[in-house]
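Notebook open, two chains on the screen. I want to go through the interface, then each chain in turn.

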Amino acid sequence: MRDTVESITILGGRGKSGQSDAVLRIDLRMGDVASIVGPTGSGKTTLISDVELFADANTPTGRRILLNGAPAPTEYRDDPARNPIALITQHTTFLCDLPVSEFLLTHARIRSGNPSGVHGLLQKTLGFANQLTGEPIPPSVRMTELSGGQTRALLIADAAVICDTPIVLLDEVENAGIHRARALELLREHRKIFVFVTHDPHIALLSDYRIVMRGGWISRLLHTDEEERRCALQVGRLDDMLSRLRDSLRRGERVRAEALEGCS
Amino acid sequence: MLLKLIVCAGPATTGKTSVLRHMIRRMLEKGCRPAFFKIDVQYAEEDEALAAEFGIPCRKVYSGELCPDHCNVMVLGDALSWAKKSGCDILLAETAGLCLRCSPYVDGGLGIVVLEATSGMNLPLKVGPMLSLADVAVVTKVDRVSQAEREVFRARIQDVAPAVRIREVDALRGIGIGPLADHALGIPDATDRMQLRGNPPVGTCTICVGRKDVGWQSHFGVVRPLEQQAFYRGE
């Protein structure tokens, strides 16, 4: 049985140059959506890697991660299939040479421990992934042959359906060539703690709060306020408009002024 | 003999030396006195690099015309005496990692196989006793694959070698090495009389003694035609 996760806590450490985190404690509760924002090289990926490793002052940042207010049991580190965290990395290719269906069935078997349910999980995962990518994934194709978008879509679907962990970390999903808004919508149907590393304004504003990174250290924690929530609606419309524009360019069409109406 | 023995095997370029380097650093921090010994066929520089980095006793042996695992059986006793005379309390022996038929592990020592997560899901099925007779399987390059791939690769190892302890590491940054080094320091000291853990392959054939003709008809002793595939899986 999976242990119940109520919260995860980040206890501050320091950045590359030794500068201490300005926020000493961040509590993420079940159902929270957080974003980690900051320039490239500011330590965003390092922060989620601390979370994923259940750092206990044993990584270069000296940060500590608590689960339900206490240090995480070591078996989570020893056996990744018991890990309550799914990390969706920036990989856009798989190195695994198995066919998609065989890979997913194997993974489902490890994660669910229930051989009878694995075919259902396979169908559900492919269904989820195919809603995120414009090019449906054939189950018989080898993982290595998937496109960048298919790979990211499958990683997200695998984390949500097969891993089905209470905590999901997503590293720059926007670079994926997938339907981001749809991904967010589908993910939010699952009650989990989501942490997005992101440069995407829409994802950042839809989060409950933003962890701001600078030079490797946590410089600020911003709770999304009322005005930002209203802005998020507008940003969403801008985003939709841009994605329609992108699709139309992809189809080889001419761009007309009316396509940009409402954003001046 | 108050000396612990670690024997490390694994295919070429998987990161054996990187894993051992981080283990040595951790052992030195804990006040231990490690020595490093490398067996290779014709070229190795790991001993010089590690001697320069840590100032610990390091040496190598080239197996030349001998099978490196065969060479290992011959010289390991001498290597232990050398490490002891050098005032060390733990010997890390890195093998050449070539043959998938043998394994260089010794009863009374810790056997570590280093495999890379990037090398394909069937690798655990191919490396034979190098994996199944190890105590610990260290999986490197985990940062290069997705979490899902890591989990499936791990399951493949467990299918082949259920009793082997699996440790996933990022050997470049040294993440995950701590528990591995601590495990190594917790093993009992080696004894004076040690035995190879696995069965060596059938040896002494006409090819070994220099007859180079291709085809079993030119040989005698241990011969095998294509159609006779009596398969010995090993341990």
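**Interface.** I started with the contacts between the chains, keeping in mind that this is a predicted model. On chain A, 19 residues are in contact with 16 residues of chain B. Which elements of chain A give two or more residues to the side that touches chain B? I found strand S6 (85-88), helix H3 (100-112) and helix H5 (148-163) of chain A. H3(A) brings the largest share of that side, with four residues. I also sorted this side of chain A by class and got 12 nonpolar, five polar and two charged residues.

**The helix pair across the interface.** Next I looked at H3(A) against helix H6 (residues 147-160) of chain B. For a pair like this I note two values, since packed helices are described by the angle between their axes and the distance between the axes. H3(A) and H6(B) pack at about 75°, and their axes are 9 Å apart. I count angles of 65 to 115 degrees as roughly perpendicular, so H3(A) is roughly perpendicular to H6(B). Which residues make this contact? From H3(A) I listed A:Phe103, A:Thr106, A:His107 and A:Ile110. From H6(B) come B:Ala148, B:Glu151, B:Val152 and B:Ala155. By class, I have five nonpolar, two polar and one charged residues in the contact of H3(A) with H6(B).

**Chain A, overall.** I then took chain A by itself. Its secondary structure comes to eight helices and 10 strands. The division I have is domain 1 (1-84 + 168-180 + 191-224), domain 2 (91-164) and domain 3 (226-264). Domain 1 is thus written in three stretches of chain A. Between the C-alpha centres of domain 2 and domain 3 of chain A I get 31 Å. The C-alpha trace of chain A spans about 55 × 50 × 30 Å along its principal axes. I checked compactness too: for 264 residues a compact globule would have a radius of gyration near 18 Å, and the 19 Å of chain A agrees with that.

**Chain A, sheet.** In what order do the strands of the open six-stranded sheet run? I read S6-S7-S8-S3-S9-S10 (chain A), with mixed pairing. S6 and S10 of chain A are the edge strands, each pairing on one side only. Ignoring direction, neighbouring strands in this sheet are turned by 15° against each other on average. H5(A) packs on the sheet and touches S6 and strand S7 (167-171) of chain A. The direction of H5(A) makes about 170° with that of S6(A). I noted that S6(A) and H5(A) were both on my interface list above.

**Chain A, hairpin.** I followed the sheet to S10(A). Strand S9 (residues 209-214) and strand S10 (residues 217-223) of chain A run antiparallel and are joined by six bridges. I looked up two facing pairs: A:Met213 stands opposite A:Ile218, and A:Arg214 has A:Trp217 as its bridge partner. S9(A) and S10(A) form a hairpin with two residues between them. In the turn, A:Gly215 has a positive phi of about 55°.

**Chain B, overall.** Over to chain B, where I count seven helices and seven strands. Along the sequence the pattern reads β-α-β-α-β-α-β-β-α-α-β-α-β-α. The radius of gyration of chain B is 18 Å, close to the 18 Å from the globule rule for 235 residues, so chain B is as compact as a globular protein of that length. Its C-alpha trace spans about 60 × 45 × 30 Å along the principal axes.

**Chain B, sheet.** Seven strands form an open, parallel sheet in the order S3-S2-S4-S1-S5-S6-S7 (chain B). Why is one side of strand S3 (58-62) and of strand S7 (165-168) of chain B left without a neighbour? Both stand at the edges with a single partner strand each, so there is no neighbour in the sheet on one side. From one strand to the next, the twist averages 20°.

I zoomed in on one pair: strand S5 (residues 110-116) and strand S6 (residues 136-140) of chain B, parallel, with five bridges. There, B:Val113 stands opposite B:Ala137.

Last came two helices that pack on this sheet. Helix H2 (residues 46-54) of chain B touches strand S2 (34-40), S3 and strand S4 (90-94), with its direction at about 175° to that of S3(B). Helix H7 (residues 177-185) of chain B touches strand S1 (4-9), S5, S6 and S7, and its direction makes about 160° with that of S6(B).

Note on methods. Residues are numbered from 1 along each chain as its sequence is written. Chains are lettered from A and ligands numbered from 1 in the order in which they are written. This is a predicted model: local features need pLDDT of at least 70, side-chain atom pairs count only at pLDDT 80 or more; totals for chains, interfaces and linings use all residues. Domain bounds come from an automatic or database domain assignment. Two residues are in contact if their C-beta atoms, placed from the backbone, lie within 7 Å. Ala, Val, Leu, Ile, Met, Phe, Trp, Tyr, Cys and Pro count as nonpolar, Asp, Glu, Lys and Arg as charged, and the others, Gly among them, as polar. Two strands pair if DSSP finds at least two bridges between them. Axes are lines fitted to C-alpha atoms, for helices over the stretch in contact, and angles run from 0 to 180 degrees between N-to-C directions. Angles under 35 degrees count as roughly parallel, over 145 as roughly antiparallel, 65 to 115 as roughly perpendicular and the rest as oblique. The radius of gyration is taken over C-alpha atoms; the globule rule is 2.2 Å times the number of residues to the power 0.38.
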